[in-house]
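Dear colleague,

Please find below the structure that I am handing over to you. A summary of what was found in it follows.

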Amino acid sequence: MSTYTESHTDAWRRRASLTGAVDFTMMYVAHDAFNRDLERLIRASEGGNGCSAGAIATWRSLSKQLHTHHNTEDAALWPRLYEAVTDPDEIQVLTDMEAEHGTLDPRLEQIEAAIEAGNATALDAELKALAKGLSEHMIHEEQAALPLLERRTGTAGWESFSKEIRDQQGGVKGAAEYLPWVLDGATDETKAQVLNLLPAPARLLYRRVWEKKYRNSGRLA
């Protein structure tokens, strides 16, 4: 088990107390997917395979999804919450979220540079720094920012943000990439919960086409 990320078991045990009117399952499974890929990348890096084709394919997928995730939060989530809060402690939560993104996002470029240079030592260090910082940020977000969103904007605010991130992911084409990626390693219960949110044709495409294409893409497993 990685010492740099929160384990899947620990994450869901912690989330058990975070119950409310808004269902944040889609955020949770995205966070799990980031941790999953970083664990795989660190394992590959420690084994001397950090620049292998499988590792690079895994990194490109993770980097794309994390970039979209953070950019959409910065553009569509935190500004909406800033408009809804006046309490200094709540404002501080949002300030912290933006600051944490500002610290994490440059690491994506540093990892790209290490890959391009074939610098295994730098790549290993940057992957571990990103994994540790991102895991801590996601825990903070789940414990503080998501409850704040629920209090101040409710289900309507969450649904609006969810639509924005789906639009940023690119409609059906984006879903074909995102869904098998985000559900890789999820429990059967979580998969069923997520797939039930989709129209029947999308569920069929996921099972017959999208998941198989993802499995055959050469990513780390």
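**Packing around W181**

Beyond its neighbours within four places in sequence, W181 is in contact with A30, A33, F34, R36, D37, S61, L62, Q65 and Y214. Please note that this is a predicted model.

W181 also belongs to the largest nonpolar core, where it is among the residues with the most contacts, together with F34, W59, L127, L130, L134 and V182. This core comprises 37 residues. Two or more of its residues come from each of helix 2 (25-46), helix 3, helix 4 (88-117), helix 5 (120-169), helix 6, helix 7 (188-195) and helix 8 (200-215). Helix 2 gives the largest share, with eight residues. Separate from this core is a second one of 19 residues, with V93, L94, L146 and I165 among them.

**Enclosed space**

How many cavities of 30 Å³ or more does the model contain? The count is one. The largest cavity holds about 50 Å³ of space, and its lining is formed by K64, Q65, T68, Q169, G174, E177 and Y178. Helix 3 (53-84) and helix 6 (171-183) each contribute at least two residues to that lining. By class, the lining has four polar residues, two charged residues and one nonpolar residue. Q65 thus appears in two places: it lines the largest cavity, and it is in contact with W181. Helix 3 and helix 6 likewise serve both the cavity lining and the largest nonpolar core.

With kind regards

Key. Residues numbered from 1 in each chain as written. Predicted model: local features only at pLDDT ≥ 70, side-chain atom pairs only at ≥ 80, totals over all residues. Heavy atoms only, no water. 1 Å grid on protein atoms, 1.4 Å probe; cavity = no way out; pocket = protein on both sides within 12 Å on 5 of 7 lines; lining within 4 Å. Points joined across faces, edges and corners; volume = space filled by probe spheres on them. Helix = DSSP H or I, 4+ residues; strand = E, 2+ residues; numbered from the N terminus. Nonpolar A, V, L, I, M, F, W, Y, C, P; charged D, E, K, R; others polar. Core = buried A, V, L, I, M, F, W, Y, C linked by side-chain atoms within 4.5 Å. Buried < 20%, exposed > 50% of the residue type's maximum accessible area, 1.4 Å probe, protein only. Contact = heavy atoms within 4.5 Å.
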